[in-house]
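These are my notebook entries on a sheet and the helices packed around it. I begin with a pairing and work outward.

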Amino acid sequence: MTVIEPLARPLVPPPGGEVLHRSARATIIWGDCRDPEVIAQVPDGYGLLCADPPYGIRYNSGRSDRFTEIPGDDGSVDWPGVLAEWVGRTGRTRGLAPSRHVYVFGYRPDQLTEPLRLGGTAELVWDKQDLGSGDLSLPWGPGHEAFTFGVHVKRRSDREKGAGALSARLRRGSVLRYPRPGRGRACHSNQKPVPLMQDLIESSTSRAHRIQDSDLVVDPCAGSGSTGVAAVLSGRRCFLVELTRADAELAVERVRAAEHLAKQMEAL
Ligand SMILES: C[S@@+](CC[C@H](N)C(=O)[O-])C[C@H]1O[C@@H](n2cnc3c(N)ncnc32)[C@H](O)[C@@H]1O
């Protein structure tokens, strides 16, 4: 008997991406976040952009061969320019709702203020409470990651008037201490801790009694879906895009588990 092998899954997502998961709480697309057909699917007036794009430095920590190189990590992509499309082009009101927040890992406020039209910014630090291996030829190992907080102000005139100054309810220290996902337990080379993402999401969005009224958190480079897991566990909704099929499937698996947990918690 002839055994027909299943066709290997294509490695490149189709134009417009493919929706791998859609529920009341989460949408997960296997797709390229630079694709205008993917960007067109982002709901307008969403509540928070959490982005963890490749940092433009090839991943090379020597930490484990379980992880392959991250696509788009070779410095060839203008990530602030890509994220500008996600908050909504200049002069347009679509995309991220006015005066809502962004968190972008690996980029400084001065790299993001203009393209993302940020009225107020702060540089934050994630203290990983652990020494990573990083470049082993250097005496200092990476124990932290810097990221940017900003308030998205659509109109230049409002930004020039100083709109978007940080709200007092967010008045916190700029160092956030959360252990990095433990060795052997992490499923992505750049995985963010879910409690860190929950802290950011709960500081910048609100949840409603009915899930459809809760804020929507958007992550265009979702990796293993930590932002989505955090959003769902915090009673918010999420919209995720990931380029690598295996990671997008991992994000679906993790977000589904979080949805199950969230439903159980709500039933108590
Ligand atoms: C720094 S990692 C994100 C890790 C994630 N925060 C987590 O906790 O798992 C960046 C991710 O962006 C993805 N990526 C790179 N280029 C992309 C693109 N054009 N569209 C969507 N995702 C992309 C990579 O495959 C990688 O998984």
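Which residue in strand 9 is the bridge partner of Ala 26? I looked it up and found Cys 238.

Entry 1, basis. I note that the model is predicted: local features need pLDDT of at least 70, side-chain atom pairs count only at pLDDT 80 or more, and totals for chains, interfaces and linings use all residues. Residues are numbered from 1 along each chain as its sequence is written.

Entry 2, sheet. I traced an open sheet of 9 strands with mixed pairing, in the order 1-2-9-8-3-4-6-5-7. Strands (E, at least two residues) and helices (H or I, at least four) are DSSP runs numbered from the N terminus, and two strands pair if DSSP finds at least two bridges between them. Strand 1 (18–22) and strand 7 (175–177) are at the edges with a single partner strand each, so one side of each lacks a neighbour in the sheet. The twist averages 20° from one strand to the next.

Entry 3, strand 9. I found strand 9 (residues 237–242) parallel to strand 2 (residues 26–30), with 5 bridges between them. Strand 8 also runs parallel to strand 9, through 4 bridges, and Val 218 stands opposite Phe 239. I checked burial next (buried: 20 or more other C-beta atoms within 10 Å of a residue's own, exposed: 12 or fewer, partly exposed in between, with C-beta atoms placed from the backbone). Arg 237, Phe 239 and Val 241 are buried on one side of strand 9, and Cys 238, Leu 240 and Glu 242 on the other.

Entry 4, helix 6. I saw that 8 of the 8 residues of helix 6 are buried, so helix 6 is largely enclosed by the rest of the structure. Its buried residues pack against strand 2, strand 3, helix 5, strand 8, strand 9 and helix 7 (245–267); contact requires C-beta atoms, placed from the backbone, within 7 Å. Gly 235, with a positive phi near 80°, follows helix 6.

Entry 5, helix 5 against helix 6. The axes of helix 5 (residues 194–204) and helix 6 (residues 226–233) come within 8 Å and cross at roughly 60°. Axes are lines fitted to C-alpha atoms, for helices over the stretch in contact, and angles run from 0 to 180 degrees between N-to-C directions. The two helices are therefore oblique to each other, given that under 35 degrees is roughly parallel, over 145 roughly antiparallel, 65 to 115 roughly perpendicular and the rest oblique. From helix 5, I listed Val 194, Met 197, Gln 198 and Ile 201 as meeting residues of helix 6, among them Val 229 and Leu 233.

Key:
Contact = placed C-beta atoms within 7 Å.
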